[in-house]
Amino acid sequence: MKKAQFSPVIVILFFAVCFSLFTPGSAFSAGFALIEQSVSGLGNAFAGGAASAEDATTIFYNPAGLTRLNGQQFIIGGHLIMPYVKFHNEGSTHVLGQPLSGGNGGEAGVTKFVPNMYYSRKVSDDLVVGMGINSPFGLCTEYDDHWVGRYHAIKSDVLTVNINPTIAYKINRQFSIGAGLNFQYIDAELSNAIDFGTLDATGSLGLPPGVLGLTPQTSDGYANIKGDDWGIGFNMGVLYEYKDTRIGAAYRSRVEYTLEGDADFSHIPPPLRAAGVFTDTEATAGITMPDSFSVSAFHQINPQWAVMGDFTWMNWRVFKKLEVDFDNPSQPNSVTREDWEDSYRTSLGVTYTPNKTWSFRAGTAYDTTPIPDAQHRTPRIPCSDRIWTALGLGYKVSQMVSFDLGYTHIFVNDPKIDKTATGDDAIKGGLQGTYDAHIDIVSAQLNLAF
């Protein structure tokens, strides 16, 4: 039978359609990183991510693993990420001393579908090229408009789309290297309420205190900020193979953005609009996504059993603050201190393959939060340390077609918030409380090999 071929035009159209499927991610994995880039890997809790190299999803975890693949592969995967995020108020106080008004915000977790797509092609015995499209960072939380923490956050929605052309080369029987470029798009939307009553009562508007006659916590306006940008980075890796053991190491670079967009303000007291503050304006915000480094091992015990492990570091120290600069010179910048720290992830997994048709996977991981303490935690990203439990299976229909399914439950260690009504948070109020949180992920993947 003649081997199937794909023209460059078909491949480009395929990825153009895939690009249009992306929706914002929703996760609390090491801040707002999305590690869910492979369904086959999900079943092992992504243990051995830089060493397993089962299929073309290795483009994300370690491009050097492409040298283990033959022919061509198309992979289409999708992850339904279902976070549960529920805040419980524990004595949040207004800057003037009284309790903050409002409810607990409802269930703030937003279910989202996160797709990823990969293509690989073996050019020669030693050279393989590939292309990946995925979403390495994402976030979506949304609270009721009048909840107790509305001055800190209402909606937070971050989407990234990463286009990752890749090349890998097999140096000899043991060593392979790989590298790729990452053309990364980001789109973000942030909203919160503004307590004009308190701004008036405290004289923070630059006017005599109380001159507008507004009542604290009952004279709210709203700010909605949107922006987007493109950035560029790279990833690279090395893979060592000896008999039934593989060891891989991979690095993904940081990506810097300067988001440009608009800030829209609503329900603004007329005297303020006349003074030129809190008027709709263009805005910019700089943000850096962290670099990461992974070391993984994979060992085939026998034809049926394989074990794997992984250690990943993320440089979240680059996320110091979230500052929005308004083009309106009368509008002060919005600054939220983050001061995050590095995060670490360790995972272990096992795969059982009873025959050529079926494979069964399991894994667990411990994922630390980059947020240093309750004072630095915000309701936009209320993450904490997490424990992953994962299961998966693979089914091979034929030499050409196979499927992977995966399920993960992530236990989140009761995030706490203890924001005091001081400094940049004074007008927002002191937000104190605890979250109930967990995440469920259901994933499916279609693999086509030619």
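Q: Which element supplies the largest share, 4 residues, of the lining of the largest cavity?
A: The model is a predicted one, in which local features require pLDDT of at least 70 and side-chain atom pairs pLDDT 80 or more, while totals for chains, interfaces and linings use all residues. Residues are numbered from 1 along each chain as its sequence is written, and side-chain values use heavy atoms, without hydrogens and water. Helix H3 (58-61), E6, E7, strand E8 (245-252), E11, E12 and strand E15 (343-352) each give at least two residues to this lining (helices, H or I, of at least four residues and strands, E, of at least two are DSSP runs numbered from the N terminus). The largest share, 4 residues, comes from E11.

Q: What volume does the largest cavity have?
A: On a 1 Å grid over the protein atoms alone, a cavity is a set of points where a 1.4 Å probe fits but cannot get out, a pocket is an open set with protein on both sides within 12 Å along at least five of seven lines, and lining residues have an atom within 4 Å of a point. By this rule there are 3 cavities of 30 Å³ or more. Phe60, Arg252, Ser292, Thr312 and Met314 lie nearest the centre of the largest cavity, among its 34 lining residues. Its volume (the space filled by probe spheres set on grid points joined across faces, edges and corners) is about 450 Å³.

Q: How many charged residues does the lining of the largest cavity have?
A: Residues are sorted by class (Ala, Val, Leu, Ile, Met, Phe, Trp, Tyr, Cys and Pro nonpolar; Asp, Glu, Lys and Arg charged; the others, Gly among them, polar). The lining of the largest cavity has 19 nonpolar and 11 polar residues. Its charged residues number 4.

Q: Which element gives the most residues to the lining of the second largest cavity?
A: The second largest cavity holds about 310 Å³ of space. Val158, Ala188, Leu190, Ile287 and Leu322 are the closest to its centre of the 24 residues that line it. At least two lining residues come from each of E6, E7, strand E9 (255-266), strand E10 (281-289) and E13. The most, 5 residues, come from E10.

Q: How many nonpolar residues line the largest pocket?
A: The largest pocket encloses about 1300 Å³, and Glu54, Asp55, Gln73, Lys396 and Ser402 lie nearest its centre among 42 lining residues. Strands that each supply at least two of these residues include E1 (72-89), E17 (386-396) and E20 (432-449), while E18 gives the largest share, 4 residues. Alongside 16 polar and 10 charged residues, the nonpolar residues of the lining number 16.

Q: Which strand gives the most residues to the lining of the second largest pocket?
A: About 900 Å³ of space lies in the second largest pocket. Ile194, Phe278, Asn333, Ser334 and Lys428 are the closest to its centre of the 39 residues that line it. Elements that give two or more of them include strand E7 (220-242), helix H5 (270-275) and strand E14 (334-337). With 5 residues, the most comes from E6.

Q: How far apart along the chain are the partners of the salt bridge between Asp291 and Arg254?
A: There are 11 salt bridges (a side-chain nitrogen of Lys or Arg within 4 Å of a carboxyl oxygen of Asp or Glu). In one of them the side chains of Asp291 and Arg254 meet at 3.8 Å, N to O. Because Asp291 lies in the loop between E10 and E11 and Arg254 in the loop between E8 and E9, the pair ties together parts whose separation in sequence is 37 residues.

Q: Is Arg254 buried or partly exposed?
A: The classes rest on relative accessible area (buried under 20%, exposed over 50%, partly exposed in between; 1.4 Å probe, protein chains only). Its partner Asp291, at 5%, counts as buried. With a relative accessible area of 36%, Arg254 is partly exposed.

Q: Which residue forms a salt bridge with Arg317?
A: The two side chains meet at 3.5 Å, N to O, in the salt bridge of Arg317 and Asp342. Arg317 lies in the loop between E12 and E13 and its partner in the loop between E14 and E15, so the pair ties together parts 25 residues apart in sequence. Arg317 is partly exposed at 44%, whereas the buried partner, at 16%, is Asp342.

Q: Which strand holds Asp367?
A: The side chains of Arg386 and Asp367 meet in a salt bridge at 3.5 Å, N to O. The two residues are 19 residues apart, with Arg386 in strand E17. Both are buried, and Asp367 is in strand E16.

Q: What distance separates the C-alpha atoms of Phe32 and Pro136?
A: Phe32 is placed in the loop between helix H1 (8-19) and helix H2 (39-42). It is buried, with a relative accessible area of 3%. Although Phe32 and Pro136 are 104 residues apart along the chain, their C-alpha atoms are separated by 8.8 Å.
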